[in-house]
Amino acid sequence: MLHVVHHPAYVSPATQGSAFRFDKYGLVMEALRESGVTMTIHAPDPMPRPWLEAVHDPDYVDEVLRCAVPPAKERRIGFAVTQRVSRRAQLSPGGTWAAARLALVHGYAANAAGGSHHALADTGAGYCVFNDLAVAAHRLIAQGDASRILILDLDVHQGDGTAALTAGRADIFTLSVHAERNFPARKARSSLDIALPDRVEDAPYLAMLSDTLPRVLDDFEPGLILYQAGVDPHMDDRLGRLALTDAGLDARDRLVMRQARVRGVPIASTMGGGYGADRMAVARRHAACMIRLAEEAARCG
Ligand SMILES: [Zn+2]
């Protein structure tokens with residue numbers, strides 16, 4: 001059974017002058033339905049303003065909520081913050097938080113959005129408005145749902161915003177595995193960064209991950225993992241500089257879930273990046289990720 005958090009308002013029309021498309025968040029639900037996976041869909045509430053302000057600059061939160069983001073910040077985000085975009089920017093962190101709460105009960109749940117890891121304190125960036133990972137992690141710890149959280153970011157881009165927003169926190173560990181030459185040009189400092197050269201393929205990638213992740217889990221002993229499961233390390237991705245195959249991404253996600261499961265650590269996944277002209281192919285890549293995580297979570301032993 002896949003517990004997936006989705007809201008119809010995750011989908012928003014494209015904004016003028018931007019290449020970013022929000023239709024992925026509808027297509028991924030279509031891909032999940034066509035796969036025949038057994039799933040329960042949970043609708044999130046918008047993240048309450050005080051929790052957004054606990055991580056982001058209150059003036060920036062105000063700009064987003066009033067749809068009055070200055071043009072320079074909108075350019076940095078990559079799209080205009082319209083009413084629809086503002087609403088989905090509040091729903092998406094609500095979704096990551098809801099997925100985490102479901103994961104604490106069921107072992108695994110997915111937010112079919114989120115992973116907005118470039119958003120910083122006083123501005124969005126790189127198609128990210130609010131940082132759902134940092135906001136959810138902060139709220140979960142503040143409300144006693146977990147005492148330590150690992151934010152595992154395997155998107156091809158570095159989780160620079162997440163690293164900046166959680167820097168200095170002993171109760172949040174950020175592990176980012178990314179392509180060195182992908183955005184952002186100037187990297188932040190995660191608790192642990194693994195920067196890979198271009199065109200890394202399945203075998204070395206998986207060897208690196210199976211060497212790194214168990215050590216982090218054993219040393220940090222998180223009570224919960226927020227997994228940014230971007231599918232843009234795929235070889236066909238329009239932006240990603242790595243060269244993982246479908247089988248490689250499959251093995252990546254199963255490795256993550258197995259390592260968490262043997263230690264009894266629940267996982268909430270967020271969608272993260274995935275780009276390409278074939279919109280449905282990208283959506284299927286994201287759907288496959290959630291399906292195998294749920295499959296692997298349900299396995300015993
Ligand atoms: Zn990405």
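A residue is called buried when its relative accessible area is under 20%. With that cut-off in mind, I shall turn to two places in this structure, which is a predicted model.

I begin with His 7. This residue sits in the loop that connects strand E1 (2–5) to helix H1 (24–35). Its relative accessible area is 14%, so His 7 counts as buried. What does the side chain of His 7 reach at 2.9 Å? The partner is the backbone nitrogen of Ala 9. If neighbours within four places in sequence are set aside, His 7 is in contact with Pro 44, Arg 87 and Leu 91.

I now move to the zinc ion. Its coordination comes from Asp 155, which is listed with OD twice, from His 157 through ND1, and from Asp 232 through OD, at 1.9 to 2.8 Å. The angles among the four donor atoms run from 52 to 152°, and the site is irregular. Along the sequence, the donor residues follow the spacing D-x1-H-x74-D.

Where do the two aspartates, Asp 155 and Asp 232, lie? Asp 155 belongs to the loop between strand E4 (149–153) and helix H7 (160–166), while Asp 232 belongs to the loop between strand E7 (224–228) and helix H9 (246–262). The pair therefore ties together parts that are 77 residues apart in sequence.

Are these aspartates, Asp 155 and Asp 232, buried or exposed? Asp 155 is buried, at a relative accessible area of 1%, and Asp 232 is buried as well, at 0%.

How values were computed:
Residues numbered from 1 in each chain as written. Predicted model: local features only at pLDDT ≥ 70, side-chain atom pairs only at ≥ 80, totals over all residues. Heavy atoms only, no water. Helix = DSSP H or I, 4+ residues; strand = E, 2+ residues; numbered from the N terminus. Buried < 20%, exposed > 50% of the residue type's maximum accessible area, 1.4 Å probe, protein only. Polar contact = N/O pair within 3.5 Å; in protein donor to acceptor, adjacent residues only side chain to side chain. Contact = heavy atoms within 4.5 Å. Donors = N, O, S within 2.8 Å, 3.2 Å for Na, K, Ca; no water. Tetrahedral: all angles 85-135°; square planar, octahedral: opposite > 155°, others 65-115°.
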